[in-house]
Amino acid sequence: GSARCVLGRLGAGCALAGRQRRLIGTGGHAVHSYVRSLDLPGRRRVRIRSQKEADKQAGEMAPTQQEEGKGHVLVGPSVATTSLGDLEYSVHRVPRTHRDDIQSVFPKADCEALRIVPTCQRAREDLVKVGEEIEAEKDRLLLVFMSWSKALWGLLDAQGHWSDYVDPCSGLSMVHRESQAIYDEVAALAVLRGFKMSNAGCCKVVLHPQWGSFIYPATFFTTAPEQDIQQAIEKLKGMELKMDS
């Protein structure tokens with residue numbers, strides 16, 4: 001079914017409040033992924049870090065990010081080419097500072113085996129702004145990620161790997177529904193990629209080092225080894241992905 005973003009109600013008219021949005025396989029209320037997590041009816045909020053704390057954690061992670069293959073970074077920033085468009089992705093172990101958040105979203109997941117695959121799409125519009133063109137671009141980027149993730153999930157599931165992905169519009173897990181928690185994309189990117197954050201009215205937004213706020217982040221999770229993840233992503237290059245609607 002469809003759902004309406006509730007940032008306008010919960011965030012006192014946040015600039016990122018959207019018009020009625022399409023959700024794929026989810027129900028309830030929606031909220032854009034690049035905004036700090038907010039309380040939604042029936043959902044337990046993942047602990048929200050302060051700007052100072054997120055910056056501190058990002059700083060602590062910076063040395064390992066500069067050394068690909070060490071620390072939590074298993075695969076540095078790479079490009080996933082698809083028939084619908086490109087996504088920038090990386091692969092990470094779950095950092096110690098991020099485990100409580102992950103366990104809240106996936107209480108049954110093994111954090112030792114779990115791999116986080118944050119993705120970023122370069123938007124054609126500045127997504128901090130408002131308007132019909134902005135909302136149309138968000139819809140397009142949402143469908144690209146959901147179509148790609150659904151296909152990637154299928155490939156890894158066929159190999160027997162546990163996988164899941166977060167709905168970029170609601171912040172809720174798509175496959176495993178045992179949790180009531182919302183995944184905080186902004187805090188995650190601050191920790192995993194060292195991205196900076198900025199205020200946009202009542203909201204926090206994440207900034208890509210090259211694209212700024214022309215960014216649409218969303219995250220995939222799996223217990224597959226990084227080699228299997230990369231092979232599956234490479235296989236998707238030759239597949240014709242279909243836009244779910």
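**Exercise 1. Work out what share of the contacts in this chain join residues at least 24 apart, counting contacts between residues at least 6 apart in sequence.**

*Solution.* Start with the contacts in this predicted model. Among those between residues at least 6 apart in sequence, 66% join residues at least 24 apart. Next, look at the elements: the protein chain has six helices and nine strands. Finally, check burial, where 56% of the 245 residues in the chain are buried.

**Exercise 2. Find the order of the strands in the five-stranded open sheet, and say which strands sit at its edges.**

*Solution.* Let's begin with a reminder: strands of a sheet pair through backbone hydrogen bonds, either parallel or antiparallel. Here, the order is 3-4-5-9-6, and the pairing is antiparallel. Strand 3 (73-82) and strand 6 are the edge strands, since each pairs on one side only. From one strand to the next, the twist averages 20°.

Now zoom in on one edge. Strand 6 is joined to strand 9 (residues 215-222) by three bridges, and the two run antiparallel. You can locate this pairing through Y165, whose bridge partner in strand 9 is F220.

Last, add the helix. Helix 4 lies across strand 3, strand 4 (85-93), strand 5, strand 6 and strand 9, and runs at about 15° to strand 9.

**Exercise 3. Describe how strand 7 and strand 8 are connected.**

*Solution.* First, find the pairing: strand 7 (residues 196-200) and strand 8 (residues 203-207) are antiparallel partners over five bridges. One of the bridge pairs is K196 with L207 in strand 8. Then look at the link: the two strands form a hairpin with two residues between them. In the turn, G201 has a positive phi of about 70°.

**Exercise 4. Classify the ring pair of F106 and W162, and explain which parts of the chain it ties together.**

*Solution.* The structure holds seven aromatic pairs. For F106 and W162, the centres are 5.3 Å apart and the planes stand at 90°, making the pair edge-to-face. F106 lies in the loop between helix 3 (99-105) and strand 5 (115-122), while W162 lies in the loop between helix 4 (132-158) and strand 6 (163-165), so the pair ties together parts that are 56 residues apart in sequence.

Now compare the burial of each ring's residue. F106 counts as buried because its relative accessibility is 0%. W162 is partly exposed, at 23% relative accessibility, because buried requires under 20%. To widen the view, ring pairs link F106, W162, Y183 and F221 into a cluster.

**Exercise 5. Identify the element that supplies the largest share of the largest nonpolar core, then place F145 within that core.**

*Solution.* The largest nonpolar core has 32 residues. Strand 3, strand 4, helix 4, strand 9 and helix 6 (226-236) each supply at least two of its residues. The largest share, 11 residues, comes from helix 4.

Next, pick out the members that touch the most others: Y89, V91, F145, W148, L152, I233 and L236. F145 and W148 both lie in helix 4, three residues apart, about one turn of the helix. Each is buried, F145 with a relative accessible area of 0% and W148 at 0% relative accessibility. Their ring centres are 6.4 Å apart with planes at 40°, so the pair is tilted.

To finish with F145, leave aside its neighbours within four places in sequence: its contacts then include L87, T119, Y165, A218 and F220. A second, separate core holds 14 residues, among them L114, I116, A181 and Y183.

Conventions: Residues are numbered from 1 along each chain as its sequence is written. This is a predicted model: local features need pLDDT of at least 70, side-chain atom pairs count only at pLDDT 80 or more; totals for chains, interfaces and linings use all residues. Side-chain values use heavy atoms; hydrogens and water are left out. Helices (H or I, at least four residues) and strands (E, at least two) are DSSP runs, numbered from the N terminus. Buried means under 20% relative accessible area, exposed over 50%, partly exposed in between (1.4 Å probe, protein chains only). Contact means heavy atoms within 4.5 Å. Rings of Phe, Tyr and Trp (its six-membered ring) pair if their centres lie within 6.5 Å; planes under 30 degrees apart count as stacked, over 60 as edge-to-face and the rest as tilted. Two strands pair if DSSP finds at least two bridges between them. Axes are lines fitted to C-alpha atoms, for helices over the stretch in contact, and angles run from 0 to 180 degrees between N-to-C directions. A nonpolar core is a set of buried Ala, Val, Leu, Ile, Met, Phe, Trp, Tyr and Cys residues joined through side-chain atoms within 4.5 Å.
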